[in-house]
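This briefing sets out the main structural features of the protein shown below, grouped by topic. Charge and surface come before fold, cores and a single helix.

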Amino acid sequence: MADSTGLSAADIGRIFARLRESNEQPETELEFATPFQLLIAVILSAQATDKSVNQATRALFADAPTPDAMLALGESGLVPYINRIGLFRSKAKNVIASCRQLLDKHAGEVPATREALEALPGVGRKTANVVLNVAFGEATIAVDTHIFRVARRIGLASGKTPLAVERELLQCIPEEFRRSAHHWLILHGRYVCKARRPECARCGLADLCAHNAVVGQSLASSDV
């Protein structure tokens with residue numbers, strides 16, 4: 001039986017089984033050694049590539065690996081590490097404010113609840129979901145531009161906002177796949193189901209994909 005997306009539960013299971021077969025243990029491409037470093041990397045990654053963030057944080061985390069060390073840099077000291085990342089001034093302000101709050105309210109530890117995470121400057125739902133998933137093992141789905149595009153294109157979701165898509169995905173994805181689902185979808189969107197030119201010819205999900213089905217029907221109609 002098909003759900004509201006048009007895909008059957010069996011097809012959704014097949015989609016994620018194939019994604020798992022191609023990458024059994026997907027991981028974030030952000031580089032970090034502690035939950036604190038993950039938090040900072042995700043804050044910096046807004047509207048920036050993981051590659052650019054990693055280039056900045058390698059030096060930053062070597063020199064300031066903890067909240068107190070990073071707070072000691074201050075905004076002016078942090079900026080030279082991250083000034084090649086978009087929105088670096090506002091991010092520097094949020095990072096320093098978050099470090100202060102971690103020290104004042106959480107003894108320098110990253111909190112493991114959504115409410116506490118989202119109370120940190122620069123941390124929204126997407127960032128909190130990444131930290132909850134990667135650092136604390138929760139089955140959350142952080143809907144970024146890749147996931148929003150891929151989920152709607154494949155036919156897993158039809159929501160018009162990231163929150164709506166997140167809720168649809170959590171509802172339709174079988175429990176055994178939820179822990180790694182957002183990693184699979186991000187990587188699929190980054191390297192195969194690209195924004196401008198999805199590489200359908202080498203996609204392992206093509207026969208199950210709503211987008212590919214529509215394209216195929218259009219091509220068939222044009223040959224008549």
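In this predicted model, the protein carries 26 positive and 24 negative charges, and the mean positions of these two sets lie 7 Å apart. The surface that the protein exposes amounts to about 11600 Å², of which carbon and sulfur atoms supply 51%. The points below turn to the fold and the interior.

**Overall fold**
- The protein contains 11 helices and zero strands, so the order of elements from the N terminus reads α-α-α-α-α-α-α-α-α-α-α, where helices and strands are DSSP runs.
- Along the principal axes, the C-alpha atoms occupy a box of roughly 70 × 30 × 30 Å.
- The protein has 224 residues, and 44% of them are buried.
- When contacts between residues at least 6 apart in sequence are considered, 59% join residues at least 24 apart.

**Largest nonpolar core**
- The largest nonpolar core comprises 34 residues, and L60, M70 and I82 are the members that touch the most other members.
- Two or more residues of this core come from each of α2 (35-44), α3 (50-63), α4 (67-82), α5 (88-106) and α7 (125-134).
- The element that gives the most to this core is α2, with eight residues.
- Leaving aside residues up to four places away in sequence, M70 touches F36, I40, L60, F61, A64, V95, I96 and C99.
- Among these partners of M70, V95, I96 and C99 are also buried residues of α5.

**Second nonpolar core**
- A separate, second core holds 29 residues, including L19, I147, A181 and C203.

**Helix α5**
- The helix α5 has 19 residues, and the distance from its first C-alpha to its last is 25 Å, close to the 27 Å expected at 1.5 Å a residue.
- The buried residues of α5 are F88, K91, A92, V95, I96, S98, C99, Q101 and L102.
- The elements α2 and α4 are among what covers the buried residues of α5.
- A107 follows α5 and has a positive phi, near 55 degrees.

**Points to check against the structure**
- Which residues touch the most other members of the largest nonpolar core? They are L60, M70 and I82.
- Which element gives the most residues to this core? It is α2, with eight residues.
- Which residue with a positive phi follows α5? The residue is A107.

Conventions
Residues numbered from 1 in each chain as written. Predicted model: local features only at pLDDT ≥ 70, side-chain atom pairs only at ≥ 80, totals over all residues. Heavy atoms only, no water. Helix = DSSP H or I, 4+ residues; strand = E, 2+ residues; numbered from the N terminus. Buried < 20%, exposed > 50% of the residue type's maximum accessible area, 1.4 Å probe, protein only. Contact = heavy atoms within 4.5 Å. Areas by Shrake-Rupley, 256 points an atom, 1.4 Å probe, with all protein chains shown as cover. Lys, Arg positive; Asp, Glu negative; His and termini not counted. Charge placed at Lys NZ, Arg CZ, Asp CG, Glu CD. Core = buried A, V, L, I, M, F, W, Y, C linked by side-chain atoms within 4.5 Å. Expected span 1.5 Å × (residues − 1).
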